[in-house]
Amino acid sequence: MRVNKQIILASSSVRRISLLKQWGLFFKIIPSGADEKINLIKPSYIVKELAYRKGRHVAQRYPDALTLSADTVVVLNGKIIGKPKSKKESEKIIRELNGSIHKVYTGVAVIQKDKCSVFYDTVCIKMRKLPENMLKQLFGKHMDKAGAYAVQDTGDNFVEKIYGDYYTAIGLPYKKLATELKKFKIRLKSSHDLSKNHSHQRLFRDCYFRISDNV
Ligand SMILES: Cc1cn([C@H]2C[C@H](O)[C@@H](COP(=O)(O)OP(=O)(O)OP(=O)(O)O)O2)c(=O)[nH]c1=O
């Protein structure tokens, strides 16, 4: 959908870029250089704060544009897991996540002049318990993703089920984003159109169940 206001995606994430394109937006990509050091504990606060920082960093330079930014983390037993810094760390994370039930949090910020919306969504992920020979193939494979795995890589056979909005796990919550963007007079393609091409339906269960933040 063409809009006359300029939209900026303050992100270098290939997933976020391709999702927004898939959802029909026209936008400029300006990766944010915001400082991501943080001493918050609650996952929802962390992803909202980081999404906001990333967006603000770019929005300050483009005050007339609408800036969109996001942050994603994996949370296992209260521990925040981001992108692995080395292959060794990726191995450690994969071993911890093997056979686990954990959550993925994505925070989003939409900033336009003095109007700002910061929100988050969370999904619950159930992993298969993979044998050593299959696990080994994942070490170092997804270095640019929080949790060192990729829900979208169904060939890995690691993810068994996703409870919630599938897109939240890969970096942008479709449903909440579509609702928030309407407040800025921007419409995303409908989820009905998207579901026709959805190749991950077997993983996807759209049933929100409440589970403690410590999972
Ligand atoms: C859990 C999970 C994360 N991810 C990705 C989404 C995000 O790109 C990344 C989390 O890192 P982020 O720090 O949220 O984002 P980024 O560094 O990729 O990009 P930017 O800060 O410039 O926006 O992990 C997947 O693609 N699949 C998954 O299953």
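Lys185 lies in the loop between α6 and α7 (191-195). The model is predicted. In it, Lys185 has a positive phi of about 65 degrees, although this residue is not a glycine. Lys185 counts as exposed, because 10 C-beta neighbours lie inside 10 Å and the limit for an exposed residue is 12 or fewer. Ile186 is found in the same loop, between α6 and α7. Ile186, however, is buried, with 20 other C-beta atoms within 10 Å; a count of 20 or more is what makes a residue buried. The C-alpha atoms of Ile186 and Gln60 are separated by 21 Å. Along the chain these two residues are 126 residues apart.

A second positive phi occurs at Asn77, near 50 degrees, again in a residue other than glycine. Asn77 is placed in the loop between β3 and β4 (79-81). Asn77 counts as exposed, with 10 C-beta neighbours inside 10 Å.

The overall make-up of the protein is as follows. The secondary structure comes to 7 helices and 8 strands. The protein has 215 residues, and 39% of them count as buried. Contacts between residues at least 6 apart in sequence were also examined. Of these, 68% join residues at least 24 apart.

In soluble globular proteins, nonpolar side chains tend to be buried together. Here the largest nonpolar core has 54 residues. Val108, Ile125, Ile162 and Ala169 have the most contacts inside this core. Helix α2 (residues 43-59) gives the most to the core, with 7 residues. Ala169 illustrates the packing. Leaving aside neighbours within four places in sequence, Ala169 is in contact with Val104, Val123, Ile125, Val151 and Ile162.

Several helices have a buried side. An α-helix has 3.6 residues a turn, so residues three or four places apart point the same way. In α1 (14-22), the buried residues are Arg15, Arg16, Leu19 and Leu20. These residues cover an arc of only 125 degrees around the axis, and therefore sit on the same side of α1. The face turned away from that buried side carries the exposed residues Val14, Ser18 and Lys21. The cover over the buried residues of α1 includes β1 (7-9), β3 and α5 (166-169). Gly24 follows α1 and has a positive phi, near 85 degrees.

Helix α3 (residues 87-97) has Ser90, Ile93, Ile94 and Leu97 as buried residues. Their arc around the axis is only 100 degrees, which puts them on the same side of α3. Among the elements covering the buried residues of α3 are β3, β4, β5 (101-112), β6 (115-127) and α4 (132-136). Just after α3, Gly99 takes a positive phi of about 75 degrees.

In helix α6 (residues 174-182), the buried residues are Tyr174, Leu177 and Leu181. Seen down the axis of α6, they fall within an arc of 70 degrees, so they line one face of the helix.

Strand β3 takes part in two further features. One is the shell around the ligand, where β3 provides the largest share, 4 residues. The ligand has 24 residues around it. Of these, Ser11, Ser13, Lys145, Val151 and Gly171 come nearest. The elements that give two or more residues to the shell are α1 and β3 (66-76). By class, the shell has 10 nonpolar, 7 polar and 7 charged residues. Val151 thus comes nearest to the ligand as one of five such residues, and Val151 is also a contact of Ala169.

The other feature is Asp71, which is found in strand β3. UniProt, in an unreviewed entry, places the feature "active site" at Asp71. Asp71 is buried, with 28 other C-beta atoms within 10 Å. Beyond its neighbours within four places in sequence, Asp71 is in contact with Val47, Leu50, Ala51, Lys54, Thr106 and Gly107.

Terms used:
Residues are numbered from 1 along each chain as its sequence is written. This is a predicted model: local features need pLDDT of at least 70, side-chain atom pairs count only at pLDDT 80 or more; totals for chains, interfaces and linings use all residues. A residue is near a molecule or strand if its C-beta atom, placed from the backbone, lies within 6 Å of it. Ala, Val, Leu, Ile, Met, Phe, Trp, Tyr, Cys and Pro count as nonpolar, Asp, Glu, Lys and Arg as charged, and the others, Gly among them, as polar. The arc is that of the directions from the helix axis to the C-beta atoms. Two residues are in contact if their C-beta atoms, placed from the backbone, lie within 7 Å. UniProt positions are given in the numbering used here, feature names are shortened, and annotations may be inferred rather than shown by experiment. A nonpolar core is a set of buried Ala, Val, Leu, Ile, Met, Phe, Trp, Tyr and Cys residues joined through C-beta atoms within 7 Å.
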